[in-house]
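Grab a pencil and work through these exercises one at a time. Try each task yourself before you read its solution.

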Amino acid sequence: MNFESFNFHPSIMAGVRALGYTIPTPIQVQTIPPIMQGRDIIGLAQTGTGKTAAFVLPILERLRSSPRGRIRTLIISPTRELAEQTCEVINAIGGRTGLKSAAIYGGVSMELQTRNLRNGVEIIVACPGRLLDHLWKGTLNLSNLEILVIDEADRMFDMGFLPDIRKILACIMQKRQTLLFSATMPDDIQRLARQILNDPVTVKVDPTLPAKTVSHALYPVQQHLKTELLKRILNNTKTESVLVFTRTKHRAERVTQQLLRTGFKVTSLQGNLSQNQRQAALDGFRNGSFKILVATDIAARGIDILSISHVINYDMPGSTDDYIHRVGRTGRVNKSGEAVTFVTSEDTDVIRDLEHLLNTKLERRTLRDFDYTAPAPERNSVPAPRPRQRGRALVPRLDRI
Ligand code: AMP
(Lines give C-alpha, C1' and ligand atoms only; values in the text may rest on other atoms or scores of the structure.)
Protein backbone atom coordinates (compact mmCIF):
# COMPACT_ATOMS: atom_id res chain seq x y z
CA MET A 1 0.00 0.00 0.00
CA ASN A 2 1.20 3.54 -0.68
CA PHE A 3 -0.01 7.02 0.24
CA GLU A 4 -1.62 7.56 -3.17
CA SER A 5 -4.37 5.07 -2.27
CA PHE A 6 -5.77 7.47 0.37
CA ASN A 7 -6.53 10.06 -2.33
CA PHE A 8 -5.22 12.98 -0.32
CA HIS A 9 -5.30 16.41 -1.96
CA PRO A 10 -2.05 17.30 -3.83
CA SER A 11 -1.24 20.00 -1.24
CA ILE A 12 -1.21 17.31 1.47
CA MET A 13 0.66 14.79 -0.66
CA ALA A 14 3.34 17.43 -1.18
CA GLY A 15 3.77 17.56 2.62
CA VAL A 16 3.94 13.75 2.83
CA ARG A 17 6.67 13.72 0.20
CA ALA A 18 8.54 16.58 1.82
CA LEU A 19 8.76 14.46 4.99
CA GLY A 20 10.05 11.53 2.95
CA TYR A 21 7.18 9.17 3.80
CA THR A 22 6.61 6.62 1.06
CA ILE A 23 4.83 3.68 2.72
CA PRO A 24 2.17 4.20 5.38
CA THR A 25 2.90 2.54 8.73
CA PRO A 26 0.43 -0.11 10.02
CA ILE A 27 -1.38 2.36 12.31
CA GLN A 28 -1.75 4.73 9.36
CA VAL A 29 -3.09 1.98 7.09
CA GLN A 30 -5.68 1.01 9.68
CA THR A 31 -6.79 4.38 11.00
CA ILE A 32 -6.72 6.79 8.06
CA PRO A 33 -9.66 5.24 6.12
CA PRO A 34 -12.11 5.12 9.07
CA ILE A 35 -11.11 8.63 10.19
CA MET A 36 -11.77 9.88 6.65
CA GLN A 37 -15.21 8.22 6.87
CA GLY A 38 -15.92 10.26 9.99
CA ARG A 39 -15.76 7.34 12.43
CA ASP A 40 -14.65 7.62 16.06
CA ILE A 41 -11.40 5.79 16.81
CA ILE A 42 -9.61 4.11 19.66
CA GLY A 43 -5.99 3.89 18.52
CA LEU A 44 -3.87 1.57 20.64
CA ALA A 45 -0.44 2.37 19.33
CA GLN A 46 2.97 2.49 20.87
CA THR A 47 5.04 5.63 20.36
CA GLY A 48 7.21 5.66 17.26
CA THR A 49 4.61 3.93 15.12
CA GLY A 50 3.64 7.01 13.11
CA LYS A 51 0.43 7.63 15.02
CA THR A 52 0.69 11.44 14.83
CA ALA A 53 0.55 11.44 11.04
CA ALA A 54 -2.19 8.79 11.28
CA PHE A 55 -4.56 11.41 12.68
CA VAL A 56 -2.99 14.59 11.29
CA LEU A 57 -3.29 13.50 7.64
CA PRO A 58 -7.05 12.79 7.56
CA ILE A 59 -7.73 15.85 9.74
CA LEU A 60 -5.92 18.10 7.27
CA GLU A 61 -7.82 16.48 4.41
CA ARG A 62 -11.14 17.21 6.09
CA LEU A 63 -10.30 20.78 7.16
CA ARG A 64 -8.78 21.71 3.79
CA SER A 65 -12.14 22.70 2.39
CA SER A 66 -14.87 24.64 4.25
CA PRO A 67 -14.55 27.50 6.74
CA ARG A 68 -11.29 29.02 7.91
CA GLY A 69 -10.35 31.13 10.89
CA ARG A 70 -12.24 29.18 13.54
CA ILE A 71 -11.14 26.32 15.76
CA ARG A 72 -12.38 23.14 14.09
CA THR A 73 -9.96 20.61 15.60
CA LEU A 74 -8.68 20.31 19.15
CA ILE A 75 -5.82 17.93 19.94
CA ILE A 76 -5.25 17.47 23.68
CA SER A 77 -1.66 16.55 24.57
CA PRO A 78 -0.13 15.58 27.92
CA THR A 79 3.08 17.62 27.61
CA ARG A 80 4.26 20.86 26.06
CA GLU A 81 6.93 18.98 24.14
CA LEU A 82 4.39 16.67 22.53
CA ALA A 83 2.10 19.63 21.78
CA GLU A 84 4.96 21.44 20.02
CA GLN A 85 5.95 18.35 18.09
CA THR A 86 2.41 17.66 16.96
CA CYS A 87 2.21 21.26 15.73
CA GLU A 88 5.45 20.72 13.86
CA VAL A 89 4.01 17.64 12.12
CA ILE A 90 0.87 19.63 11.23
CA ASN A 91 2.96 22.44 9.78
CA ALA A 92 5.31 20.08 7.95
CA ILE A 93 2.49 18.12 6.31
CA GLY A 94 -0.08 20.89 6.06
CA GLY A 95 2.17 23.82 5.17
CA ARG A 96 0.71 24.06 1.68
CA THR A 97 -2.93 23.81 2.74
CA GLY A 98 -2.99 27.28 4.32
CA LEU A 99 -4.45 25.77 7.51
CA LYS A 100 -3.11 27.31 10.70
CA SER A 101 -2.39 25.63 14.01
CA ALA A 102 -1.39 26.87 17.46
CA ALA A 103 0.14 25.15 20.49
CA ILE A 104 -1.46 26.12 23.78
CA TYR A 105 0.32 25.28 27.03
CA GLY A 106 1.32 26.84 30.33
CA GLY A 107 4.62 28.43 31.32
CA VAL A 108 4.48 31.00 28.51
CA SER A 109 2.56 34.25 28.04
CA MET A 110 -1.20 33.79 27.87
CA GLU A 111 -1.58 37.16 26.12
CA LEU A 112 0.60 36.07 23.23
CA GLN A 113 -1.47 32.90 22.83
CA THR A 114 -4.66 34.95 22.96
CA ARG A 115 -3.37 37.24 20.20
CA ASN A 116 -2.51 34.19 18.02
CA LEU A 117 -5.95 32.74 18.62
CA ARG A 118 -7.58 36.04 17.67
CA ASN A 119 -5.76 35.94 14.33
CA GLY A 120 -7.72 32.80 13.55
CA VAL A 121 -6.52 29.17 13.65
CA GLU A 122 -8.23 25.97 12.59
CA ILE A 123 -6.28 23.50 14.73
CA ILE A 124 -5.12 23.85 18.30
CA VAL A 125 -2.86 21.43 20.12
CA ALA A 126 -3.28 22.06 23.82
CA CYS A 127 -2.27 20.83 27.25
CA PRO A 128 -5.30 20.54 29.56
CA GLY A 129 -4.48 23.17 32.23
CA ARG A 130 -3.82 26.14 29.95
CA LEU A 131 -6.68 25.14 27.68
CA LEU A 132 -9.05 25.38 30.65
CA ASP A 133 -7.57 28.80 31.56
CA HIS A 134 -8.43 30.03 28.07
CA LEU A 135 -11.88 28.47 28.15
CA TRP A 136 -12.68 30.09 31.50
CA LYS A 137 -11.38 33.47 30.39
CA GLY A 138 -13.37 33.23 27.20
CA THR A 139 -10.27 33.68 25.03
CA LEU A 140 -10.81 30.37 23.23
CA ASN A 141 -14.02 29.21 21.67
CA LEU A 142 -14.80 25.59 20.89
CA SER A 143 -18.30 26.13 19.51
CA ASN A 144 -17.19 25.29 15.95
CA LEU A 145 -15.31 22.14 16.91
CA GLU A 146 -15.65 19.22 14.50
CA ILE A 147 -12.85 16.87 15.59
CA LEU A 148 -11.45 16.16 19.03
CA VAL A 149 -8.24 14.15 19.47
CA ILE A 150 -7.16 12.91 22.89
CA ASP A 151 -3.53 11.91 22.42
CA GLU A 152 -1.60 9.66 24.82
CA ALA A 153 -4.66 9.31 27.02
CA ASP A 154 -2.95 6.89 29.42
CA ARG A 155 -0.18 9.42 30.01
CA MET A 156 -2.72 12.12 30.78
CA PHE A 157 -4.36 9.80 33.24
CA ASP A 158 -0.95 9.09 34.88
CA MET A 159 -0.33 12.82 35.14
CA GLY A 160 -3.67 13.37 36.88
CA PHE A 161 -5.28 15.24 33.97
CA LEU A 162 -8.45 13.15 33.77
CA PRO A 163 -10.60 15.61 35.79
CA ASP A 164 -9.39 18.45 33.54
CA ILE A 165 -10.23 16.42 30.44
CA ARG A 166 -13.73 15.91 31.76
CA LYS A 167 -14.09 19.65 32.35
CA ILE A 168 -12.93 20.34 28.79
CA LEU A 169 -15.37 17.76 27.43
CA ALA A 170 -18.17 19.51 29.32
CA CYS A 171 -17.39 22.66 27.28
CA ILE A 172 -17.95 20.87 23.96
CA MET A 173 -21.65 20.56 23.44
CA GLN A 174 -21.95 19.82 19.74
CA LYS A 175 -21.67 16.53 17.90
CA ARG A 176 -18.09 15.83 16.87
CA GLN A 177 -15.74 13.12 15.70
CA THR A 178 -13.55 11.89 18.55
CA LEU A 179 -10.21 10.08 18.23
CA LEU A 180 -8.58 8.64 21.31
CA PHE A 181 -4.99 7.40 21.22
CA SER A 182 -3.32 5.53 24.03
CA ALA A 183 -0.41 3.12 24.33
CA THR A 184 -2.18 1.18 27.07
CA MET A 185 -5.79 0.97 28.17
CA PRO A 186 -6.13 1.27 31.96
CA ASP A 187 -9.68 0.91 33.37
CA ASP A 188 -10.25 4.65 33.74
CA ILE A 189 -9.40 5.28 30.10
CA GLN A 190 -11.68 2.44 29.02
CA ARG A 191 -14.48 4.04 31.03
CA LEU A 192 -13.79 7.45 29.48
CA ALA A 193 -13.73 5.89 26.00
CA ARG A 194 -17.11 4.23 26.58
CA GLN A 195 -18.59 7.54 27.68
CA ILE A 196 -17.31 9.83 24.96
CA LEU A 197 -16.87 7.71 21.82
CA ASN A 198 -19.67 6.84 19.47
CA ASP A 199 -19.45 3.31 18.02
CA PRO A 200 -15.64 3.55 17.76
CA VAL A 201 -13.39 1.53 15.48
CA THR A 202 -10.62 0.02 17.60
CA VAL A 203 -7.20 -0.22 15.99
CA LYS A 204 -4.40 -2.05 17.78
CA VAL A 205 -0.76 -1.97 16.86
CA ASP A 206 1.37 -3.90 19.35
CA PRO A 207 0.08 -1.81 22.24
CA THR A 208 2.39 -2.88 25.00
CA LEU A 209 5.64 -3.93 23.37
CA PRO A 210 8.67 -1.85 22.48
CA ALA A 211 9.53 -1.64 18.78
CA LYS A 212 11.25 -4.77 17.47
CA THR A 213 14.07 -2.59 16.18
CA VAL A 214 15.26 -1.89 19.75
CA SER A 215 17.70 -4.21 21.52
CA HIS A 216 17.79 -4.31 25.31
CA ALA A 217 20.65 -4.79 27.75
CA LEU A 218 20.91 -4.55 31.52
CA TYR A 219 24.04 -3.31 33.30
CA PRO A 220 24.06 -4.33 36.96
CA VAL A 221 25.91 -1.65 38.95
CA GLN A 222 26.00 -0.09 42.38
CA GLN A 223 24.26 3.24 42.72
CA HIS A 224 27.41 5.29 43.33
CA LEU A 225 29.17 3.89 40.26
CA LYS A 226 26.47 4.75 37.74
CA THR A 227 28.07 7.98 36.49
CA GLU A 228 31.44 6.31 35.99
CA LEU A 229 29.77 3.48 34.12
CA LEU A 230 27.83 5.96 32.01
CA LYS A 231 30.99 7.85 31.05
CA ARG A 232 32.71 4.59 30.17
CA ILE A 233 29.83 3.44 27.97
CA LEU A 234 29.61 6.84 26.27
CA ASN A 235 33.35 6.80 25.57
CA ASN A 236 33.48 3.22 24.32
CA THR A 237 30.29 2.98 22.27
CA LYS A 238 29.63 4.20 18.76
CA THR A 239 26.55 6.36 19.21
CA GLU A 240 24.58 9.01 17.40
CA SER A 241 22.40 11.01 19.79
CA VAL A 242 21.98 9.56 23.28
CA LEU A 243 19.04 10.12 25.61
CA VAL A 244 19.79 9.43 29.29
CA PHE A 245 16.89 9.08 31.72
CA THR A 246 17.05 9.74 35.46
CA ARG A 247 14.27 9.32 37.96
CA THR A 248 14.32 12.87 39.39
CA LYS A 249 14.92 16.43 38.14
CA HIS A 250 17.73 16.84 40.64
CA ARG A 251 19.50 13.73 39.42
CA ALA A 252 19.12 14.85 35.79
CA GLU A 253 20.85 18.10 36.66
CA ARG A 254 23.62 16.41 38.65
CA VAL A 255 24.39 13.86 35.96
CA THR A 256 24.43 16.64 33.34
CA GLN A 257 26.94 18.63 35.38
CA GLN A 258 29.12 15.56 35.93
CA LEU A 259 29.19 14.81 32.19
CA LEU A 260 29.83 18.46 31.34
CA ARG A 261 32.84 18.50 33.65
CA THR A 262 34.26 15.54 31.73
CA GLY A 263 33.86 17.38 28.43
CA PHE A 264 30.73 15.76 26.95
CA LYS A 265 28.39 17.87 24.82
CA VAL A 266 25.38 17.47 27.04
CA THR A 267 22.26 19.32 28.05
CA SER A 268 19.31 18.51 30.29
CA LEU A 269 15.53 18.51 30.04
CA GLN A 270 13.51 18.47 33.24
CA GLY A 271 10.46 20.11 34.72
CA ASN A 272 12.30 22.84 36.65
CA LEU A 273 13.42 24.54 33.44
CA SER A 274 11.50 27.43 31.89
CA GLN A 275 9.73 26.78 28.61
CA ASN A 276 12.48 28.67 26.75
CA GLN A 277 15.19 26.58 28.39
CA ARG A 278 13.35 23.37 27.54
CA GLN A 279 12.93 24.42 23.94
CA ALA A 280 16.60 25.42 23.69
CA ALA A 281 17.64 22.02 25.10
CA LEU A 282 15.42 20.17 22.64
CA ASP A 283 16.50 22.30 19.68
CA GLY A 284 20.17 21.83 20.58
CA PHE A 285 19.70 18.08 20.92
CA ARG A 286 17.77 17.88 17.68
CA ASN A 287 20.31 19.86 15.65
CA GLY A 288 23.25 17.92 17.11
CA SER A 289 24.86 20.76 19.13
CA PHE A 290 24.34 18.45 22.11
CA LYS A 291 24.93 14.77 21.50
CA ILE A 292 23.57 13.80 24.90
CA LEU A 293 20.33 14.82 26.58
CA VAL A 294 19.80 13.90 30.23
CA ALA A 295 16.10 13.98 31.02
CA THR A 296 13.38 12.94 33.40
CA ASP A 297 10.29 11.09 32.20
CA ILE A 298 8.98 14.41 30.92
CA ALA A 299 10.97 13.49 27.81
CA ALA A 300 9.79 9.89 27.63
CA ARG A 301 6.91 10.74 25.37
CA GLY A 302 6.85 12.86 22.36
CA ILE A 303 10.54 13.38 21.72
CA ASP A 304 10.75 12.52 18.09
CA ILE A 305 14.35 12.60 16.95
CA LEU A 306 15.34 9.95 14.46
CA SER A 307 19.05 10.17 15.29
CA ILE A 308 18.64 8.82 18.84
CA SER A 309 20.69 5.62 18.67
CA HIS A 310 20.75 4.89 22.40
CA VAL A 311 18.41 5.32 25.33
CA ILE A 312 20.26 4.87 28.60
CA ASN A 313 18.17 4.36 31.71
CA TYR A 314 20.55 5.74 34.32
CA ASP A 315 17.74 4.93 36.72
CA MET A 316 15.35 2.07 36.12
CA PRO A 317 11.92 3.43 35.16
CA GLY A 318 9.18 3.01 37.75
CA SER A 319 7.09 0.66 35.60
CA THR A 320 7.18 -1.39 32.43
CA ASP A 321 4.92 1.23 30.83
CA ASP A 322 7.48 3.93 31.50
CA TYR A 323 10.18 1.64 30.14
CA ILE A 324 8.28 1.22 26.88
CA HIS A 325 7.80 4.94 26.50
CA ARG A 326 11.41 5.73 27.24
CA VAL A 327 12.86 3.19 24.86
CA GLY A 328 10.30 4.26 22.25
CA ARG A 329 12.53 7.31 21.74
CA THR A 330 15.00 5.11 19.85
CA GLY A 331 14.46 2.59 17.06
CA ARG A 332 11.95 4.98 15.47
CA VAL A 333 10.32 3.73 12.27
CA ASN A 334 12.67 1.01 11.04
CA LYS A 335 15.87 2.48 12.48
CA SER A 336 17.65 0.28 14.97
CA GLY A 337 18.26 1.46 18.49
CA GLU A 338 19.71 0.23 21.73
CA ALA A 339 18.20 0.47 25.20
CA VAL A 340 20.73 0.28 28.03
CA THR A 341 19.47 0.07 31.60
CA PHE A 342 21.51 0.42 34.78
CA VAL A 343 20.08 -1.84 37.43
CA THR A 344 20.69 -2.04 41.16
CA SER A 345 19.37 -4.50 43.68
CA GLU A 346 16.36 -2.17 44.09
CA ASP A 347 15.11 -2.91 40.61
CA THR A 348 14.43 -6.63 40.64
CA ASP A 349 10.63 -6.30 40.55
CA VAL A 350 10.54 -4.10 37.47
CA ILE A 351 13.08 -6.33 35.72
CA ARG A 352 10.94 -9.36 36.42
CA ASP A 353 7.84 -7.62 35.04
CA LEU A 354 9.77 -6.41 32.02
CA GLU A 355 11.16 -9.83 31.20
CA HIS A 356 7.69 -11.26 31.58
CA LEU A 357 6.28 -8.62 29.23
CA LEU A 358 9.01 -9.06 26.63
CA ASN A 359 8.84 -12.81 27.11
CA THR A 360 12.60 -13.10 27.19
CA LYS A 361 15.46 -13.00 29.66
CA LEU A 362 17.32 -9.74 29.09
CA GLU A 363 21.04 -9.81 28.53
CA ARG A 364 23.14 -8.76 31.57
CA ARG A 365 26.33 -7.03 30.54
CA THR A 366 29.44 -6.13 32.45
CA LEU A 367 32.35 -4.05 31.21
CA ARG A 368 35.80 -5.48 31.31
CA ASP A 369 38.29 -3.25 33.16
CA PHE A 370 35.55 -1.52 35.13
CA ASP A 371 35.99 -1.62 38.89
CA TYR A 372 32.56 -2.69 40.10
CA THR A 373 33.79 -2.82 43.68
CA ALA A 374 35.14 0.75 43.95
CA PRO A 375 33.94 2.38 47.17
CA ALA A 376 31.56 5.32 47.10
CA PRO A 377 33.46 8.59 46.63
CA GLU A 378 32.77 11.24 49.23
CA ARG A 379 31.90 13.94 46.68
CA ASN A 380 30.39 14.11 43.22
CA SER A 381 28.32 10.96 43.38
CA VAL A 382 24.62 11.24 42.67
CA PRO A 383 22.76 10.31 45.84
CA ALA A 384 20.45 7.37 45.43
CA PRO A 385 16.81 8.25 44.79
CA ARG A 386 14.36 7.24 47.48
CA PRO A 387 13.68 3.52 47.29
CA ARG A 388 10.42 2.79 45.48
CA GLN A 389 9.16 0.51 48.20
CA ARG A 390 9.87 0.21 51.85
CA GLY A 391 11.48 -2.79 53.45
CA ARG A 392 13.72 -3.68 50.52
CA ALA A 393 17.30 -4.80 50.94
CA LEU A 394 19.56 -1.79 50.45
CA VAL A 395 22.72 -3.86 50.37
CA PRO A 396 23.74 -4.24 46.74
CA ARG A 397 23.42 -7.83 45.56
CA LEU A 398 24.35 -7.50 41.93
CA ASP A 399 24.48 -11.26 41.53
CA ARG A 400 20.71 -11.39 42.07
CA ILE A 401 19.82 -8.99 39.27
P1 AMP B 1 5.04 9.08 15.95
O2 AMP B 1 4.69 7.69 16.34
O3 AMP B 1 3.87 9.83 15.42
O4 AMP B 1 5.73 9.81 17.06
O5 AMP B 1 6.06 9.02 14.70
C6 AMP B 1 7.34 8.48 14.81
C7 AMP B 1 8.26 8.84 13.66
O8 AMP B 1 7.83 8.22 12.45
C9 AMP B 1 8.32 10.31 13.30
O10 AMP B 1 9.69 10.63 13.08
C11 AMP B 1 7.56 10.45 12.01
O12 AMP B 1 8.01 11.53 11.23
C13 AMP B 1 7.88 9.12 11.37
N14 AMP B 1 6.86 8.64 10.40
C15 AMP B 1 5.52 8.70 10.52
N16 AMP B 1 4.93 8.11 9.48
C17 AMP B 1 5.91 7.65 8.67
C18 AMP B 1 5.92 6.94 7.41
N19 AMP B 1 4.81 6.57 6.80
N20 AMP B 1 7.13 6.64 6.88
C21 AMP B 1 8.27 7.00 7.51
N22 AMP B 1 8.32 7.67 8.69
C23 AMP B 1 7.15 7.98 9.26
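**Exercise 1.** How much space lies in the second largest pocket? Work out, too, which elements and domains line it.

*Solution.* Keep in mind that you're looking at a predicted model.

- Step 1: start with the volume. The second largest pocket holds about 320 Å³ of space.
- Step 2: look at the walls. They're made of 19 residues, and Pro-78, Thr-79, Met-159, Arg-278 and Ile-298 are the ones nearest the centre.
- Step 3: find the elements. Helix 4 (80-94), helix 6 (128-137) and helix 7 (153-158) each give two or more residues to this lining.
- Step 4: sort the lining by type. You get 6 nonpolar, 5 polar and 8 charged residues.
- Step 5: check the domains. Domain 1 (3-205) and domain 2 (214-364) each supply at least three residues of the lining.

**Exercise 2.** Which residues come nearest the ligand, and why does the ligand lie between the two domains?

*Solution.*

- Step 1: list the neighbours. There are 14 residues around the ligand, with Tyr-21, Gln-28, Gly-50, Thr-52 and Asp-304 coming nearest.
- Step 2: sort that shell. It splits into 5 nonpolar, 6 polar and 3 charged residues.
- Step 3: pick out polar contacts. A side-chain N or O atom of Thr-52 sits 2.6 Å from a ligand oxygen. For Gly-50, a backbone N or O atom is 2.8 Å from an oxygen of the ligand, while a backbone N or O atom of Ile-23 is 2.9 Å from a ligand nitrogen.
- Step 4: see how covered the ligand is. On its own it has 500 Å² of accessible area, and the protein covers 85% of that.
- Step 5: place it. Domain 1 (3-205) and domain 2 (214-364) both give residues to the shell, so the ligand lies between them.

Technical notes: Residues numbered from 1 in each chain as written. Predicted model: local features only at pLDDT ≥ 70, side-chain atom pairs only at ≥ 80, totals over all residues. Heavy atoms only, no water. 1 Å grid on protein atoms, 1.4 Å probe; cavity = no way out; pocket = protein on both sides within 12 Å on 5 of 7 lines; lining within 4 Å. Points joined across faces, edges and corners; volume = space filled by probe spheres on them. Helix = DSSP H or I, 4+ residues; strand = E, 2+ residues; numbered from the N terminus. Nonpolar A, V, L, I, M, F, W, Y, C, P; charged D, E, K, R; others polar. Domains from an automatic or database assignment. Near = heavy atom within 4 Å. Polar contact = N/O pair within 3.5 Å; in protein donor to acceptor, adjacent residues only side chain to side chain. Areas by Shrake-Rupley, 256 points an atom, 1.4 Å probe, with all protein chains shown as cover.
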